[in-house]
Amino acid sequence: MKTAVEELSPTRVKLTIEVPFEELDHAFDVTYKSLAKQVRIKGFRPGKAPAKLIDRYVGRGAVLTQAVNHAVPELYSEAVSKEEVPVLGPPEVEITRLEDGKELAFTAEVDVRPKFEVTDYEGIEVTVDDAEVTEEQVNERLEALRQRFATLIGVDRPAEQGDHVSIDLSASVDGKKLEDAQASGVSYEIGAGTLLQGLDEAIIGLSAGESATFTTTLVGGEHKGREADVTVTVHSVKVKELPELDDEFARLASEFDTIEELRASEAERLGELLRAQQLRQARDRVLEKLVDSIDIPLPESVIKQEADRRRELLDRQLSQSGLSKEAYLEAQEKTEEEFEAELTENATRAVKTGFVLDQLASQENLTASNEELTQYVVEQAQSMGISPDQLFQSLMQANQLQLVYVEVLRAKALDLVVSKAKITDESGNTIEPPTPVHTETITVASGDEETEESAVEQGETEK
């Protein structure tokens with residue numbers, strides 16, 4: 001077999017493959033065995049008819065076509081391996097010459113990874129938020145804890161802002177009561193703004209047993225968007241009573257005996273949270289600078305594939321939630337054109353990020369251990385709310401285990417860059433990045449076919 005590679009662009013090549021007929025013997029053997037089982041020729045048992053009779057029975061042209069269809073994928077894969085072409089996705093194949101008994105020649109155009117080196121990635125400078133815990137922040141956490149242990153106490157007075165009320169709602173349009181716009185025993189905090197526009201103003205000043213009618217625009221149901229008269233009836237008015245921040249509260253809300261111990265614990269937890277946020281922020285900003293510093297061509301087909309994947313994922317999520325695309329765009333305050341432009345921009349960024357991290361992992365000969373791969377599956381399963389075994393089986397059935405290898409290596413490549421970055425907080429303090437861990441159990445090469453599933457979930461390698 002003779003092969004030649006022509007670069008059509010920095011991200012697309014054409015392979016020309018020429019094969020003498022004697023190298024197609026295996027393909028013809030498979031073809032004849034398959035056809036022999038399908039045809040019925042007098043005097044021969046199924047599967048036993050000789051090749052010459054099959055040629056006459058089904059036609060030499062049909063035999064040639066089937067043999068070539070069997071041979072081309074194998075020959076293409078062999079050529080890709082021989083020439084070390086980093087292909088992306090399926091090729092466009094064209095048979096250019098087929099001479100029976102002499103030669104088969106075909107071309108295959110395919111997208112490839114761009115060739116580039118990741119240089120100057122050491123010492124990237126980024127600034128992150130301060131992680132110093134303030135007394136105000138601790139007080140906010142304790143106040144949130146108080147809110148969780150609050151009790152509602154009934155009061156005999158008109159409703160005020162911030163009160164909790166139990167109400168009935170009844171809507172009518174043009175004097176006709178709407179059956180799908182009635183609700184009883186609704187619990188509502190005045191000022192929350194989670195129900196109907198104008199509701200807060202109507203309730204304030206009402207006591208238990210009193211009603212009021214106001215006009216508003218319906219936000220759901222058959223008459224969505226129409227103006228309706230809504231009657232609200234108040235059944236009870238309650239106020240939130242918060243516990244005192246004392247030792248008794250500390251024993252009620254935690255394992256501590258004193259409020260000072262609880263305060264110290266909340267400060268420590270907040271510090272850990274802020275430091276973790278610092279690290280995530282550092283990773284995001286280091287990755288952003290790294291990717292921005294590299295200019296590489298990107299294959300349009302891979303960007304389109306990533307954009308399609310993200311669009312399909314959103315469509316599934318909207319379908320599961322019962323939300324229409326129109327409602328989603330309205331909530332996001334975007335037009336269809338703005339949504340598509342942003343989708344394409346994010347897909348482009350994700351593809352470029354994947355290329356950069358894959359190349360760095362290859363340059364640095366990064367490896368992944370079985371333990372790291374298992375840990376990745378466990379963490380992903382926890383975030384999805386399913387068992388690790390269930391996710392593993394799903395990945396196996398979808399033939400996506402290679403994606404796990406790729407994602408682990410990309411994470412390790414980013415860890416390497418972060419470990420060599422210069423990170424400071426807004427106050428000028430130096431933040432020591434974590435030291436990456438290298439293992440040598442399983443070597444995973446980048447550049448494998450169809451491994452451009454950049455995470456997603458929403459920036460997925462950009463996380």
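Which residue forms a salt bridge with K2? In this predicted model, the partner is E18, with the closest N and O atoms 3.6 Å apart. E18 lies in strand 2 (residues 12–20) and K2 in strand 1 (residues 2–9), so the pair ties together parts that are 16 residues apart in sequence. E18 is partly exposed at 22% relative accessibility. K2 is exposed at 56%.

The structure holds 28 salt bridges. Three of them are listed here.

| Salt bridge | N to O distance | Citation |
|---|---|---|
| E18 with K2 | 3.6 Å | |
| R410 with D358 | 2.8 Å | |
| E372 with K412 | 3.2 Å | |

R410 sits in helix 13 (residues 401–419) and D358 in helix 10 (residues 336–363), so their bridge ties together parts 52 residues apart in sequence. R410 is buried, with a relative accessible area of 2%. D358 is buried too, at 5%.

The bridge between E372 and K412 also links distant parts of the chain. E372 is in helix 11 (residues 370–384) and K412 in helix 13, 40 residues apart. K412 is buried, with a relative accessible area of 7%.

Shared partners extend the picture around K2. Salt bridges join K2, E18, R97, E99 and E103 into one network.

Next, helix packing. Helix 1 (residues 25–38) packs against helix 3 (residues 60–83) at about 125°, with the axes 8 Å apart. That angle makes helix 1 oblique to helix 3. The crossing is right-handed.

Last, the surface. V93, I95 and L98 make a nonpolar patch of about 220 Å². V93 belongs to strand 3 (residues 87–99). V93 is partly exposed, at 39% relative accessible area.

Key:
Residues are numbered from 1 along each chain as its sequence is written. This is a predicted model: local features need pLDDT of at least 70, side-chain atom pairs count only at pLDDT 80 or more; totals for chains, interfaces and linings use all residues. Side-chain values use heavy atoms; hydrogens and water are left out. Patches are made of residues with over 30% relative accessible area and no salt bridge: like charges are joined within 9 Å, nonpolar side chains (Val, Leu, Ile, Met, Phe, Trp, Tyr) within 5 Å. Accessible areas come from the Shrake-Rupley method with a 1.4 Å probe; for residues, only the protein chains shown count as cover. A salt bridge is a side-chain nitrogen of Lys or Arg within 4 Å of a carboxyl oxygen of Asp or Glu. Helices (H or I, at least four residues) and strands (E, at least two) are DSSP runs, numbered from the N terminus. Buried means under 20% relative accessible area, exposed over 50%, partly exposed in between (1.4 Å probe, protein chains only). Axes are lines fitted to C-alpha atoms, for helices over the stretch in contact, and angles run from 0 to 180 degrees between N-to-C directions. Angles under 35 degrees count as roughly parallel, over 145 as roughly antiparallel, 65 to 115 as roughly perpendicular and the rest as oblique. A crossing is left-handed if the near helix is turned anticlockwise from the far one by less than a right angle, and right-handed if clockwise.
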